[in-house]
Amino acid sequence: MYELVEKKSRFISYAAKAETEPDAKAFIADIAAKHPKAGHVTYAYVLQNTAKTNDDGEPRGTAGLPIYNVITRRKLQNVVVVVVRYFGGTLLGKGGLIRAYGKAAGLAVDGELEQIEG
């Protein structure tokens, strides 16, 4: 678990290895269950033949896509990254959301790199 605070919004990120889509979905469900009061539970995963993103109510392309970009820029596969957001009362705008979700995803991927590569 990695945490980033941007203008009072908390972004909590997680990354894990996922061999199958059911593995990725189970990880996402587990994280969502841990954060029932979160405003958004966004994610991206890249598997052998599947890639998915989800903005979970954030403006289109501002959450799932930046998370996906972190995974693909590092040339990772079989990885799922989830970023949970607790809204802090200040709107970040599309650019701010993209930067915050990308940064939070990067923290999780970098922190769990040995586990997700191995």
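The legends below describe close-up views of a predicted model, centred on helix 2 and its surroundings.

**View A. The open sheet and the order of its strands.** The sheet is open and consists of 5 strands in the order 1-2-5-3-4, paired in antiparallel fashion. Its edges are formed by strand 1 (residues 2-6) and strand 4, each of which pairs on one side only, and from one strand to the next the twist averages 15°.

**View B. The pairing of strand 3 with strand 4.** These two strands run antiparallel and are joined by 4 bridges. Among the paired residues is Tyr45, whose bridge partner in strand 4 is Lys52.

**View C. Helix 2 over the sheet.** Helix 2, which spans residues 64-73, has as its buried residues Gly64, Pro66, Ile67, Val70 and Ile71. The cover over these buried residues includes strand 3 (40-46), strand 4 (51-54), strand 5 (79-86) and helix 3 (93-111). Helix 2 lies across strands 3, 4 and 5, and runs at about 35° to strand 3. After the helix comes Lys75, which has a positive phi, near 55°.

**View D. The crossing of helix 2 and helix 3.** The axes of the two helices come within 8 Å and cross at roughly 40°, an angle that makes helix 2 oblique to helix 3, because it falls outside the ranges counted as roughly parallel, antiparallel or perpendicular. The crossing is right-handed. Helix 2 contributes Pro66, Ile67 and Val70 to the contact, while helix 3 contributes Ile98, Tyr101, Gly102, Ala105, Gly106 and Val109. Sorted by class, the residues of this contact are 7 nonpolar and 2 polar, with no charged residues.

Notes
Residues numbered from 1 in each chain as written. Predicted model: local features only at pLDDT ≥ 70, side-chain atom pairs only at ≥ 80, totals over all residues. Heavy atoms only, no water. Buried < 20%, exposed > 50% of the residue type's maximum accessible area, 1.4 Å probe, protein only. Contact = heavy atoms within 4.5 Å. Pairing = 2+ DSSP bridges. Axes fitted to C-alpha atoms, helices over the stretch in contact; angles between N-to-C directions. Parallel < 35°, antiparallel > 145°, perpendicular 65-115°, else oblique. Left-handed = near helix turned anticlockwise from the far one by under 90°. Nonpolar A, V, L, I, M, F, W, Y, C, P; charged D, E, K, R; others polar.
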